[in-house]
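Here is a quick tour of a fold, written for someone who likes to poke at coordinates. Have a look at the model first, then read on.

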Amino acid sequence: MIQANNIIKHFEGLCVLDHVSLHVPKGSVYGLVGPNGAGKSTLIRHLTGIYRPEAGQVLLEGETVYENAAAKSKMAYIPDDLFYFAQANTLEMKRFYAGLYPSFDESLFQSLQEFFPAIDVKRSIRKLSKGMQKQVAFWLSLCINPSLLILDEPVDGLDPVMRRQLWSLILSHIQERQTTVLISSHNLRELEDICDHVGIMHRGRMLLEHSLCDLQNTVSKIQIAFEQGLPVLPEQFDILHMSNMGRVYTIIVKGDPLLTKSELEKLHPLLIDVLPLTLEEIFIYEMGGADYAVKDILL
């Protein structure tokens, strides 16, 4: 659907994107995660055609995005820092969007109004709360019927009920229209519930990029106990983290969970249990390997 190939970008001599590549399959929900300063927002501005890459290319369905109005008309972008015209209300912004995007659906705008009952469509958007301003952005963006929806910290400032409602709307939109969604967020637990692909960035590079299912099958979290303490583990084990409470050890190991368990069973443990790893845990242990500041956090 959309891909970035070896993107390079510098600001004032600082390399912000260092040969970054990203591939978002059509119809997927892709979570882009990483610490502050990783380069996520800069990459998004390349994907949306705001920035021109110094090297590399960004393609939407095979077409270059930068200075390509036809390609940009297929995407909607909701940034963390929203912008509306001064004094414009929701109805005025709707007319602007309808004039800008040929795919804008007036009937969908009317039907979605019931999901945003607190919004006064005739009041200046800038006078609404931050949460309501974000709701307006979702409302208008969904009415574009975009092929690609890009969201940067999309639900910050929204209450839990509205967060669930918006995710429900987005997932429904994906199912009905095969919309592709890319989400940059720090809320890893929330991403885990909706994403099927994930990319982890660090210091301007893409550390890894996988489907969430594949990613969870490449790291094992195992609780194990032995009668006489922990024996010597197999040399081939790539251990990311180990902790214990009494005789029960929790081990995070790179590799297939079933194969890892099979190897550990040869050591005759008193108990052994393979536990599911959350996206947050995977992120922390992967970033721990990159000397990230949270490497000592235990979950």
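## A walk around the sheet

Ile222 sits across from Ile251 of strand β13. Keep in mind that the model is a predicted one. That pair belongs to the match between β11 (residues 219-225) and β13 (residues 248-254), which run antiparallel to each other and share 7 bridges.

Zoom out a little, and you get an open sheet of 4 antiparallel strands, in the order β12-β13-β11-β14. The edge places go to β12 (238-245) and β14 (271-275); each has a single partner strand, so one side of each has no neighbour in the sheet. From one strand to the next, the twist averages 20 degrees. Helix α9 (residues 257-265) packs on this sheet and touches β11, β13 and β14, with its direction at about 25 degrees to that of β11.

On the other side of β13 in the strand order comes β12, and those two strands also pair in the antiparallel sense, over 7 bridges. Asp238 has Lys254 of β13 as its bridge partner. The hairpin of β12 and β13 has 2 residues between the strands, and Gly246 there takes a positive phi near 65 degrees. Another glycine with a positive phi is Gly49, at about 80 degrees, just after α1.

What about single residues in the strands? Two of them are set side by side here.

| Residue | Strand | Relative accessibility | C-alpha to C-alpha distance |
|---|---|---|---|
| Tyr249 | β13 | 16% | 6.1 Å to Ala225 |
| Arg205 | β10 | 49% | 9.8 Å to Ile8 |

Is Tyr249 buried or exposed? With a relative accessibility of 16%, Tyr249 counts as buried, because the cut-off for that class is under 20%. Leaving out residues up to four places away in sequence, Tyr249 touches Ile222, Gln223, Ile224, Leu230, Met242, Ser243 and Asn244. Arg205, at 49%, counts as partly exposed. Its strand, β10, covers residues 205-211. With the same sequence neighbours left out, Arg205 touches Asp18, Val20, Ala38 and Ile200. Arg205 and Ile8 are 197 residues apart in sequence, while Tyr249 and Ala225 are 24 residues apart.

## Cores and a pocket

Nonpolar side chains tend to be buried together in soluble globular proteins. In this model the largest nonpolar core has 56 residues, and the members that touch the most others are Leu112, Phe116, Trp139, Leu151, Val181 and Ile183. Helix α5 (residues 130-143) gives the most to this core, with 7 residues. As for Ile183, its contacts beyond four places in sequence are Val29, Tyr30, Gly31, Leu32, Leu151, Pro154, Trp167, Leu191 and Ile194. Another core lies apart from this one, with 24 residues that include Met1, Leu22, Met75 and Met206.

Helix α1 (residues 40-47) is mostly covered, with 6 of its 8 residues buried. Those are Lys40, Thr42, Leu43, Ile44, His46 and Leu47.

How much space lies in the largest pocket? The volume is about 590 Å³. This pocket is lined by 24 residues, and the closest to its centre are Tyr77, Pro79, Tyr97, Leu100 and Tyr101. At least two lining residues come from each of α2 (69-72), β6 (75-78), α3 (90-100) and α5.

Key:
Residues are numbered from 1 along each chain as its sequence is written. This is a predicted model: local features need pLDDT of at least 70, side-chain atom pairs count only at pLDDT 80 or more; totals for chains, interfaces and linings use all residues. Side-chain values use heavy atoms; hydrogens and water are left out. Two strands pair if DSSP finds at least two bridges between them. Axes are lines fitted to C-alpha atoms, for helices over the stretch in contact, and angles run from 0 to 180 degrees between N-to-C directions. Contact means heavy atoms within 4.5 Å. A nonpolar core is a set of buried Ala, Val, Leu, Ile, Met, Phe, Trp, Tyr and Cys residues joined through side-chain atoms within 4.5 Å. Buried means under 20% relative accessible area, exposed over 50%, partly exposed in between (1.4 Å probe, protein chains only). On a 1 Å grid over the protein atoms alone, a cavity is a set of points where a 1.4 Å probe fits but cannot get out, and a pocket is an open set with protein on both sides within 12 Å along at least five of seven lines; lining residues have an atom within 4 Å of a point. Grid points are joined across faces, edges and corners, and a volume is the space filled by probe spheres set on the points.
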